[in-house]
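Please study the structure displayed below and keep it in view while working through the exercises. Each task is followed by a worked solution.

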Amino acid sequence: MQQEESNYRFQVNLQGMIELLSGHLYSSPRVYLRELLQNGTDAIRARIQHDPDYEGQISIEVFSSGDGHHTLIFEDDGIGLSEAEVHTFLSIIGESSKRRAEMRDSDFIGRFGIGLLSCFVVSDEIVLITRSIHSDVAIEWRGKPDGTYLLRRLEGEFSPGTRIYLRSKLGFEEYFERTTVRDLCRQYGGMLPFPISLSDGMKSEIINAVKPPWLLPDWQHTAAPEAVLEHGRQLFGENFIDYIPLRSEIGDVSGIAFILPHRASIAAKTQHQVYLKGMLLSEHVENILPDWAFFVKCMINTNDLMPTASREEFYEDAKLAQVRESLGNCLRDYLVYLAEHDLPRLHKLIAIHFLSIKALAVQDDQLYRLFIKWLPFETSQGRLTMEQILELNTEIRFTSSLDEFRQISRVTAAQSMCVINGGYVFDTELILRLPQFFPQYEIVRINPLDITESFEELTIAELQSVLAFLRTADLVLQPFGCKAEIKKYLPLELPALYSTSEEATFMRSVERTQEQTNPLFASILESLSQAFGMQTPHGQLCFNYHNPVIAKLVRSDNTALQGKAVEMIYVQALLMGHHPLNQQEMRLLNNGLLHLIELGMR
Amino acid sequence: MNYQEQLYLLESQADMLPDGEARLALLEQAIRLADSHNEQIDSFELREKLIDAASAAGNPMKMLVAFSWCLSHVDQHPHLFEPTRMLWPYKWVVDDIDSFSQMSRALIEQMMDDMKRRYEEQGLSLRPYYRHLHAQAMHAGQQDDCETLYRLWLAAPVDDFSDCTACERAHQVEYMVWLQEDERAVALAEPILNGQLSCSTVPHNTYHHLLIALVRLGRIEEAIDLQRRGYAKIENELSFLDGIANHIRFLTLLDPERAKELFEKHLDHAMTSAHQRNQFYFFLAGWLLFERLRRQGELSDHLQSLIAKTRSLADAFDRRNGNDYHASLIESTLALLDSFLSPLD
């Protein structure tokens, strides 16, 4: 006889799940208020679907009992739950991906069962009293974290709606304080279209009586800019310099972008406050604005984007990409407007946020044309705007790395030559695009080794007088992969200039690491330097014939002294260029110093 | 300016920047400063930062040099550093070590042994070790080894040094695509595609890995969607050059004009990249693109040099690995033009 198959249900240890959830799904215990507000909002919305004129409200009451515990009562006058719904919604926790697909199309933002779980993070017991508009009977549901619940019908008159009682767990009392509850509810639900009242028995207030200015109709024309900025200050605690209205038809998004009063890091993602149908979804949403928008902090409400399961960001789908583009265009249009109509404000913005604008100009022709002349660059003649650079030069010289720039900035400055440091992010890319917009200019990438070539040559007679010295110097420098040159240049006080390419600097660091690492890694690095290594010599020490000490040194007939001096000048030039010394160079320094002391004592 | 001020200036500038060569240059300069002042702790910590930054900038060479220094430093100063200190970034190093075609098999094996010994000495699971052996076998086209290593990888226990669930799943998906088990790849990718599993590199990689699988399955609409979303995620990330290559390969089949835009945009970076494996995939995708255009009568200067570059990298890898896997990859990639283009056009 075949045995009958039966379906059994898993028993879930709720306590364990709560611990898992509180450490995982919810970023902080305070979100219990967000979940309560979401559920209350859904209940009111559902009731409005039945009765379009219904207005609805949420009331919250907090008080502390003598034993130190706090109690919070959260009440909505929404649609309420029937006995059957209580069983379904409050006792089935978690959702399958199938249900999530259903939720995509629904009008509701909360997930009742899961939302209530977050209350167990702060409260040991949840008591819920509810009456559905479809029923005359009120139900009391008492949930415990061990996974059991009690249900009973209540006698007496109850108006439709839901009331939830929470009692603070040890250590979670702060989440029940009146001011905490007020601030959090304001933050989470400050934009909800119905009143939220909060009372502690003595004082009662409507916490969302004042709407944010940017939610008012036609606010861009009616709201006073000072009032909007003041609103931003209250919200984020920053004195923003301006604001930009945001709007996207797709996703039904509206909002406001405040311009940060300080420079923001491109690396750190700016975090925006994002609301879904008037409820705060998260303060850490990153993916709703384009990457380059790191100069603003936004408040955004969307009525039509889908949050992920953690409800802290949106699904990265095609719709979100379109929203991101529309919002990006709002910011972009603002910048274009400033460039065309409000230069003082544009300069103020560029002074702080030029990095953002550079990031944009790199990828956007129109913005490049509009902004390039205002953008600042570091040059051998100080910080200049591109307009200033273009005015004074027909050939635009730049180095592609900071290191190369540092090597030559002093000598190029002394010769009033303008070289742009292209080592900063976006700068080289911007410079490379110049001829596209200004064909009359030529751009030249400067290599430190080129600079010494442009120095003034010695006359034939002078050259003959230094040949012996150069030979000595070459002999001394040869083991270091360096060759000697001598030219005339400014500044006078600079005895010699060590220059090398970026690649060679890197290979120096490979060699030094090889000296210090274990045999396995030494041979690994060795096979790299063989594959990518430089032809020697890779450095150049260019002595300055104008420098008084060098002028004397080249005439000295003491070859031994010349050799020692070259060694010391070489090491000094390395140190001035921040090139760390390898073991061999370290020995030069030590021996050279001793030798000089010895010479001095003779 | 004294040492502390200079260092702070360099480091804070570096912190402001996104990943890329500019950030590396600032950190290298800070390291040279710390080295020349003999500030060991700064030298060490700045190099750790450089390892992160070089990894994110797709520069395995700079990562390897800084890592070598740090690892030896930990060995030499056991009282200063936890012995596990460099064992997490070790995973990134072995992930890239075989991308240097000049690195001999013997040296790669010695490095893997060294990693294994260090993990074992610290009582850590060998899960990452097997995962990377598996990846190396895959990169070298050694399918038999892959099967064994895949098993060893997934059977090893999970601990604090294992990759996150999202990363592991993404690697499984990559492997299934490589095996052309396309249905399985897509099924395994489901939690990544619906956002349940994610991290700093997931879903980025999965998006571009799946493109070719979806093409083979004839699910072109889904592929087009993934391409658009996926490219946005890695467009400005330098360490995803292989992903860019996958996008170009896919677009070559469907939208060669767009493929050309991507190719031109990333060409400079590809030319200067020290990551030869990624370079190979990029040049190969470029070859495919300009070969397709050539067949339509559009000639380009790029084609000949791409063929030469791709071939020379393939030869170098195959010589090192002792097989002809890369040569066969060239053939199977170019064959896409015959198998997919005619029905799609």
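The exercises below concern a predicted model.

**Exercise 1. Length and buried face of a helix**

Determine what span is expected for helix H6 of chain A (residues 178-189), and where on the helix its buried residues lie.

Step 1. Helix H6(A) has twelve residues, and the expected span is 1.5 Å times one less than the number of residues. This gives 16 Å, which agrees with the 16 Å between its end C-alpha atoms.

Step 2. A residue is buried if 20 or more other C-beta atoms lie within 10 Å of its own. In H6(A), the buried residues are A:Arg178, A:Val181, A:Cys185, A:Tyr188 and A:Gly189.

Step 3. Viewed down the axis of H6(A), these buried residues fall within an arc of 105 degrees, so they line one face of the helix.

Step 4. The elements that cover them include helix H2 (31-50) and strands S1 (58-64), S2 (70-76), S7 (196-199) and S12 (279-285) of chain A.

**Exercise 2. A strand and its partners**

Decide whether strand S6 of chain A (residues 161-168) is largely enclosed or not, and identify the strands that pair with S6(A).

Step 1. Of the eight residues of S6(A), six are buried, so the strand is largely enclosed by the rest of the structure.

Step 2. S2(A) runs antiparallel to S6(A), and six bridges join the two. One bridge pairs A:Thr71 with A:Arg167 of S6(A).

Step 3. Strand S3(A) (residues 123-131) also pairs with S6(A) in the antiparallel sense, over seven bridges. Here A:Arg131 has A:Gly161 of S6(A) as its bridge partner.

**Exercise 3. A second helix**

Compare the span of helix H21 of chain A (residues 559-576) with the expected value, and describe its surroundings.

Step 1. The 18 residues of H21(A) reach 25 Å from first C-alpha to last, close to the expected 26 Å.

Step 2. Its buried residues include A:Ala565, A:Ile569 and A:Tyr570.

Step 3. Among the elements covering the buried residues of H21(A) are helices H17 (460-477), H20 (548-555) and H22 (583-601) of chain A.

Step 4. Just after H21(A), A:His578 takes a positive phi of about 60 degrees.

**Exercise 4. The contact between the chains**

State how many residues each chain brings to the contact, and which helix gives the largest share of the chain A side.

Step 1. Chain A contributes 35 residues and chain B contributes 36 residues.

Step 2. On the chain A side, the largest share, eight residues, comes from H19(A).

Step 3. By class, the chain A side has 18 nonpolar, 14 polar and three charged residues.

How values were computed: Residues numbered from 1 in each chain as written. Chains lettered and ligands numbered in written order. Predicted model: local features only at pLDDT ≥ 70, side-chain atom pairs only at ≥ 80, totals over all residues. Contact = placed C-beta atoms within 7 Å. Helix = DSSP H or I, 4+ residues; strand = E, 2+ residues; numbered from the N terminus. Nonpolar A, V, L, I, M, F, W, Y, C, P; charged D, E, K, R; others polar. Buried ≥ 20, exposed ≤ 12 C-beta atoms within 10 Å, placed from the backbone. Arc of directions from axis to C-beta. Pairing = 2+ DSSP bridges.
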